[in-house]
Amino acid sequence: MKTEITKMIGIQYPIFQGGMAWVGTSELAAAVSEAGGLGIIGAGGAPASWVLEQIQKVREKTDKPFGVNLMLMNPEAEEIARIIAQEKIEVVTTGAGNPGKYMKMWKEAGVKVIPVVASVALAKMMERAGADAVIAEGTESGGHIGDTTTMALVPQVVDAVSIPVIAAGGIADGRGMAAAFMLGAKAVQMGTVFVASKEAAVSQAYKDKIVKAKDIDTKVTGRSTGHPVRGLRNQQTKEYLRLESEGASFEELEKLTLGGLRKAVVEGDVIHGSVMAGQIAGLVKEVKSCEEIIVSVNEQAEELLKGLKFDE
Ligand code: TUI
């Protein structure tokens, strides 16, 4: 399936791997790019030196295009933005904010800029600022989220901008990908299914928790603080939601989640850690290689889009 996005970036399949903190390391990004999708290093809250190291490691493993995701709340965002330009990374995606101030530097370096947006307003602002495409991310997603669902957000963003739109949130198979294309998307981004891939350098306990998850197993914490985060329910989300309902202070709530994603991804503590994942976790039934995921999702979508049949 050639689309404006595969042609713009020079990738085989219109499939991005979400740029996830702690999860989007060189191992995962290289595996996804090598399989023909777009692998993305997730800078998350990491120092700039770590990001540079990961870029070098991906380049040792693949010659194919890859991206870096800049989480805009990172204290070293400025320095990471500069590294992305200096290293002439093919694609930068951004999350959790407005990347406007870095746009000129990236464009001058020839970097394709693809911000994640959770609203039509930000999508339009990003188009005006020179973005090459936008990722419209629905509230089904894991991690930091907006309010609108993928089903409602994607067609509204598609109608509001002329640049290509990539759909994210709630997609883990070819049915989701086909649906996203029907809504006007030119590519999809998936996170949760890649967390549970063979190549992801993620604790076995985290992958097991995704594989065991059911449809109703995610919870959103932090709505009261203005930083809503979706993850699989565990002792930490239970305690957080109890404190939140009792009107706990921001500081008290922060204490509970500080370093929580690292705890779950690296240490495998999925009881006290943050097991960020999207609502589609219930659809992920086994751990597969990135290549198996990408090829099967693409094949199923192509098949569905070719021959939509109705009853007589
Ligand atoms: O960024 C994400 N997902 C993330 S970032 C992250 S790291 C983190 N860890 C703990 C607490 C908070 C963050 C984990 N998951 N997705 C992209 C995304 N961006 N979703 C929603 C947005 C977004 C929200 C508001 C983008 C822009 C925005 O406002 C823009 C403005 O005007 O400031």
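What follows is a set of questions and answers on a predicted model.

Visitor: How many salt bridges does the structure hold?
Guide: This is a predicted model. A pair counts as a salt bridge when a side-chain nitrogen of Lys or Arg is within 4 Å of a carboxyl oxygen of Asp or Glu. R233 with D217 is one such pair. The number of salt bridges in the structure is 11.

Visitor: Which parts does the pair R233 and D217 tie together, and how many residues apart are they in sequence?
Guide: The two side chains meet in a salt bridge at 2.9 Å, N to O. R233 lies in the loop between β11 (229–232) and α11 (235–245), and D217 in the loop between α10 (204–212) and β10 (218–221). The pair therefore ties together parts whose separation in sequence is 16 residues.

Visitor: Is D217 buried or exposed?
Guide: Its partner R233 has 39% relative accessibility and counts as partly exposed. For D217 the relative accessibility is 9%. Buried means under 20%. So D217 counts as buried.

Visitor: Which residues are joined with R242 into one salt-bridge network?
Guide: E303 and K306 form a salt bridge, with the closest N and O atoms 3.6 Å apart. Elsewhere, salt bridges that share partners build one network around R242, E239 and E246. The R242 bridge to E246 has its closest N and O atoms 3.1 Å apart. The residues joined with R242 are E239 and E246.

Visitor: Is E246 buried or exposed?
Guide: R242, its salt-bridge partner, is partly exposed at 39% relative accessibility. E246 has a relative accessible area of 53%. The cut-off for exposed is over 50%. So E246 is exposed.

Visitor: Where do E303 and K306 lie?
Guide: Both residues are exposed. They are three residues apart, about one turn of the helix. That helix spans residues 290–306 and is α14.

Visitor: Which residue offers a side-chain N or O atom 3.0 Å from a nitrogen atom of the ligand?
Guide: Two backbone contacts can be set aside. A96 places a backbone N or O atom 3.0 Å from a ligand nitrogen. H144 has a polar backbone atom 2.9 Å from a ligand nitrogen. The side-chain contact at 3.0 Å comes from E137.

Visitor: How much of the ligand's area does the protein bury?
Guide: The residues around the ligand include M71, M73, V116, L122 and M276. Taken alone, the ligand exposes 710 Å². The share of that buried by the protein is 69%.

Visitor: How many residues in the shell around the ligand are nonpolar?
Guide: Among the residues around the ligand are G95, A96, G97, G143 and V229. By class, the shell has four polar residues and one charged residue. The nonpolar count is seven.

Visitor: Why is strand β4 largely enclosed by the rest of the structure?
Guide: V91, T93 and G95 point one way from β4, and V92 and T94 the other way. Side chains in a regular strand alternate between the two faces of the sheet. β4 (residues 91–95) is largely enclosed because the number of its five residues that are buried is five.

Visitor: Which residue in β4 is the bridge partner of V68?
Guide: Strand β3 (residues 66–71) pairs with β4 over five bridges. The pairing is in the parallel sense. For V68, the bridge partner in β4 is V92.

Visitor: Which are the edge strands of the open sheet β7-β11-β10?
Guide: Three strands form this sheet, with antiparallel pairing. β7 and β11 pair over two bridges, and G143 stands opposite R230 in β11. Each edge strand pairs on one side only. The edge strands are β7 (143–144) and β10.

Visitor: Which residue's backbone oxygen lies 2.8 Å from a polar side-chain atom of S141?
Guide: S141 sits in the loop between β6 (134–137) and β7. With a relative accessible area of 7%, S141 is buried. The backbone oxygen at 2.8 Å belongs to G138.

Visitor: How far apart in space are S249 and M20?
Guide: S249 lies in the loop between α11 and α12 (250–257) and is partly exposed at 35% relative accessibility. In sequence, S249 and M20 are 229 residues apart. In space, C-alpha to C-alpha, the distance is 27 Å.

Key:
Residues are numbered from 1 along each chain as its sequence is written. This is a predicted model: local features need pLDDT of at least 70, side-chain atom pairs count only at pLDDT 80 or more; totals for chains, interfaces and linings use all residues. Side-chain values use heavy atoms; hydrogens and water are left out. Helices (H or I, at least four residues) and strands (E, at least two) are DSSP runs, numbered from the N terminus. Buried means under 20% relative accessible area, exposed over 50%, partly exposed in between (1.4 Å probe, protein chains only). A residue is near a molecule or strand if one of its heavy atoms lies within 4 Å of it. A polar contact is a pair of N or O atoms within 3.5 Å; within protein, one must be able to donate a hydrogen and the other to accept it, and residues adjacent in sequence count only if both atoms are side-chain atoms. Accessible areas come from the Shrake-Rupley method with a 1.4 Å probe; for residues, only the protein chains shown count as cover. Ala, Val, Leu, Ile, Met, Phe, Trp, Tyr, Cys and Pro count as nonpolar, Asp, Glu, Lys and Arg as charged, and the others, Gly among them, as polar. Two strands pair if DSSP finds at least two bridges between them.
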